[in-house]
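User: I would like to go through some labels used for this model. Please set each value against its cut-off.

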Amino acid sequence: MKKHRPHLHDIDLRSIAWHAMEKYGFESRFPTQVMDEVNAMQERIYSDIPEGFRDLRALLWSSIDNHDSQDLDQLEYCERNPEGTIRVRVAIADVDSYVQKQSPTDEYAAHNGTSVYTGILTFPMLPDRLSHGITSLLQDKDRLAVIIEFVVQRDGSFSPGEVYRALVRNKGKLVYETVGEWLEGTGPLPKSIKDVPGLEEQLRLQNDAAQLLRKYRREQGALEFDTLEAEVVMENGEIQGLVTRTPNPARALIEEFMVAANGTMVARLGAAGVPMIQRVVKSPRNWAGIILAAANLGETLPEKPDAKALAKFLMKEKTVDPLHFPDLSLAVIKLMGPGEYTMLEPGATPTGHFALAVVDYTHATAPNRRYVDIINQRQVKAILMGKPGPYSSKELSDRAMWLTDREKASKKVKRFMRKSVAAMLLEDSIGKTFDALVTGAADKGTYVRLLVPPAEGRVVKGEQGLHVGQNVRVRLLKTDPYNGFIDFECISREKMV
């Protein structure tokens, strides 16, 4: 008798998402104690400026985020100085003003460490009343913020500036896609910009600053990747498919400002002589594998890890073979190894962030979504108020280790859900063949990523001798949405050098 296969509509992806959260050690529901605490909070109305704050509500602040994002963490504003430099202010939501250390809400956030976005359900680190409401930098709302300033020099380097507290007001909630298309000349001026006098000129100045920052980091060896990470498309609660998010000038703008703002935060904490959590990417753990991947494309990299040489190689490949560059990006990222959080004592030598080509880096710009950002916010606020830091070196070290684990776990949840959705969408394609790229080849298994659709799975037949970065042709053997399994047979492969 033929075994019954579940119809697409029979597959409960929401249940799978809940299960994935629990599988990887996350708490997926807010305890009653947390909800009671948050529901009892009163949204603050500011008739007077709080002591120690500056009133910056008149500035032309704006945010750029995904179209459906409500957990807005940062705003941006620029002004050009007479000497040609550009002064950038980044406003960060003051989450700590509502979420007190060691409160039930804080302990829940510390345990999960991050919001988890599965594409089917979002599991926020903080309840929606906070992250989507009173701690979000929503348009036309007065909000407390931590301001991080830096100056973009004419050569694209930046000089860390002040960090202070202020009252701000978002004048325009903008969206990556429409702003990006406008900036690159492929779309019209968004109505959200057009309707706010002066905002068009402000966004062009922000883009000028970002392009200078990006050019400089490239020259220093910053690595640029296009991973074509798959995202779930939903309409009216139904899965429509998987799409890939592509880079655009608006995303690049925010990325550059966040790199500089986080570097400025490190400079401020370092000047105060307090221990801190840094975000690091060590020298690639499999540089030999990266050398091999480059050799297969006719390029020679140095024997020792060299960020500038790798950046030059990647930029060349992006130009000569943009179609396959996302696959190369993914392979190099896996060979480099993951980023992690580490505690840095005052005066100690930082590890640095190999991929960003910066020495001092942290995460401080998304406190509604990441717990390490709340830690950094509390550290710098203590400094500004002349108080001792709220965290000991031991506590920061323990937190760094745990938050590294939580970040890795969140990626596993997202990857699991992408595979579950892909497995569901590929249910009717058993026996069909696809072009793919080998993304993992080790004792624990060999994995590939399809070029179209952007799905990942395991090669369970014909996998012997495959290498990361190798182009292959695979046949779909089996799918299992509930376990996130997609099994392939390799039926042909390109020859390796």
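Analyst: A salt bridge is a side-chain nitrogen of Lys or Arg within 4 Å of a carboxyl oxygen of Asp or Glu. This is a predicted model. Ask away.

User: What makes R54 and E162 a salt bridge?

Analyst: Their side chains meet at 2.9 Å, N to O. The cut-off is within 4 Å, so the pair counts. It links distant parts of the chain: R54 lies in strand β1 (residues 54-55) and E162 in strand β8 (residues 158-175), 108 residues apart.

User: Why is R54 called partly exposed?

Analyst: Its relative accessibility is 33%. Buried means under 20% and exposed means over 50%, so R54 falls in between. E162, at 41%, is partly exposed by the same definition.

User: How do you know that R80 and D208 form a salt bridge?

Analyst: The N to O distance is 3.4 Å. That is within 4 Å, so the definition is met. This pair also links distant parts of the chain, with R80 in strand β3 (residues 74-80) and D208 in helix α7 (residues 199-220), 128 residues apart. R80 has a relative accessible area of 47% and counts as partly exposed. D208 is partly exposed at 34%.

User: Is R406 buried or exposed, and why?

Analyst: R406 is buried. Its relative accessible area is 5%, and buried means under 20%, so the label follows. R406 forms a salt bridge with D405, the closest N and O atoms being 2.8 Å apart. D405 counts as partly exposed, at 34% relative accessibility.

User: Which residues are joined into one network by salt bridges that share partners?

Analyst: R214, R217, R218, E224, E255, E256 and K318. A search of the whole structure finds 39 salt bridges.

User: Why is α8 called oblique to α12?

Analyst: Helix α8 (residues 249-272) and helix α12 (residues 371-384) pack at an angle of about 50°, with axes 10 Å apart. Under 35 degrees would be roughly parallel, and 65 to 115 roughly perpendicular. The angle fits neither range, so α8 is oblique to α12. The crossing is left-handed.

User: What makes up the contact of α8 with α12?

Analyst: From α8 come M265, R268, L269 and A272. They meet N376, Q379, V380, I383 and L384 in α12. These contact residues divide into six nonpolar, two polar and one charged. Arg counts as charged, so R268 takes that label.

Technical notes. Residues numbered from 1 in each chain as written. Predicted model: local features only at pLDDT ≥ 70, side-chain atom pairs only at ≥ 80, totals over all residues. Heavy atoms only, no water. Axes fitted to C-alpha atoms, helices over the stretch in contact; angles between N-to-C directions. Helix = DSSP H or I, 4+ residues; strand = E, 2+ residues; numbered from the N terminus. Parallel < 35°, antiparallel > 145°, perpendicular 65-115°, else oblique. Left-handed = near helix turned anticlockwise from the far one by under 90°. Contact = heavy atoms within 4.5 Å. Buried < 20%, exposed > 50% of the residue type's maximum accessible area, 1.4 Å probe, protein only.
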